[in-house]
Amino acid sequence: MYTVAPEDSRSQSLLPLHLITAGTQHIQETRIRPKGLSFHQILIVEEGEGILEWANHTRVLKAGNAIFIPKGFPCTYKRLGNAFITGWVAFDGPGSEKLLDYFHASPLLQTESAPIAPLIIESCRLIRRGESPEVLSALLYQLIISFFDAARKSSAVPALEKAKEYARKHLETDLSVSDLARAAGISPSLLHRLFQQEKTTPVSFLKRERIRKAKELLLQSPEQKIAEIAQACGFSDCAYFCKVFREETRESPLQYRKKYV
């Protein structure tokens with residue numbers, strides 16, 4: 001079910017938030033948005049699974065997940081498997097940025113959809129009933145607060161994302177599990193458990209990210225020496241870098257470069 005809120009230029013300029021669209025039980029088709037959306041969106045997965053792609057990263061979205069996608073954020077999401085049923089609200093307004101700043105609303109913040117799913121259904125119902133922009137704005141305010149409050153309480157996932165983001169920004173350094181845990185504000189043992197939930201380890205994650213970065217540098221900088229790329233990816237020993245690269249790709253860094261450049 002896809003519902004579009006009626007346009008009202010006066011209310012959209014005066015009310016701090018305005019609802020643009022809402023939907024539920026929607027059979028989600030592939031969406032490729034190289035420039036992002038022109039509005040903010042909170043998307044929930046009602047059934048099945050989907051995959052979200054952005055800036056060479058991917059994340060699996062499962063039933064029960066809710067995720068915040070800010071406007072202007074380039075991404076693609078599509079079905080993974082037989083079903084991908086979603087619900088969402090799309091919103092904007094002169095007060096939206098201040099509200100999102102208040103909640104430190106980082107892109108792709110994720111939590112469980114349970115607190116907001118009934119509010120999305122209610123949004124659809126009120127739009128169909130022709131409810132006033134003020135009532136829709138008030139419900140939207142409640143929905144946004146419910147989402148970010150739930151996200152704040154489920155701190156484990158943001159902690160893991162903080163650790164990953166820190167790692168990606170410091171791949172050239174000699175990172176330890178303690179470094180990642182400190183950046184995420186959790187203990188090393190909890191960090192291990194969070195990675196185990198994704199069927200990996202911090203060490204394996206670091207190795208995979210370093211090889212990913214090496215692949216990018218090999219193609220983006222064809223004149224750069226292999227030893228320099230190794231160092232930029234956190235490998236002090238070039239021979240060891242070549243060994244790990246071959247283990248991961250079944251070819252040497254030079255073979256990989258020649259194959260694609």
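**Pockets and strand pairing in the predicted model**

The largest pocket has a volume of about 910 Å³. A pocket is defined on a 1 Å grid over the protein atoms alone, as an open set of points where a 1.4 Å probe fits, with protein on both sides within 12 Å along at least five of seven lines; lining residues have an atom within 4 Å of a point. Grid points are joined across faces, edges and corners, and the volume is the space filled by probe spheres set on the points. The structure is a predicted model, in which local features need pLDDT of at least 70 and side-chain atom pairs count only at pLDDT 80 or more, whereas totals for chains, interfaces and linings use all residues. Residues are numbered from 1 along each chain as its sequence is written, and side-chain values use heavy atoms, with hydrogens and water left out.

The lining of the largest pocket consists of 27 residues, and Thr58, Arg59, Val60, Lys164 and Glu198 are the ones nearest its centre. At least two lining residues come from each of β4, β5, α5 (156-169), α7 (188-197) and α8 (202-220). Helices (H or I, at least four residues) and strands (E, at least two) are DSSP runs, numbered from the N terminus. By class, 11 residues of this lining are charged, nine are nonpolar and seven are polar. Here Ala, Val, Leu, Ile, Met, Phe, Trp, Tyr, Cys and Pro count as nonpolar, Asp, Glu, Lys and Arg as charged, and the others, Gly among them, as polar.

The second largest pocket holds about 760 Å³ of space. Its lining has 23 residues, with Ser106, Pro107, Leu109, Pro158 and Glu161 nearest the centre. The largest share of this lining, seven residues, is supplied by α5, while β5 and α4 (133-153) each supply at least two. The classes are 12 nonpolar, five polar and six charged residues.

Strand β4 (residues 40-54) pairs with several strands; two strands pair if DSSP finds at least two bridges between them. With β7 (residues 75-92), β4 forms 12 bridges in the antiparallel sense, and Ile44 stands opposite Gly87 of β7. Four bridges, also antiparallel, link β4 to β6 (residues 65-69), where Ile67 is the bridge partner of Leu43. Strand β5 (residues 57-62) runs antiparallel to β4 and is joined to β4 by six bridges; one pair of bridge partners is Gly50 and Leu61 of β5. A hairpin is formed by β4 and β5, with two residues between them, and Ala55 in the turn has a positive phi of about 45°.
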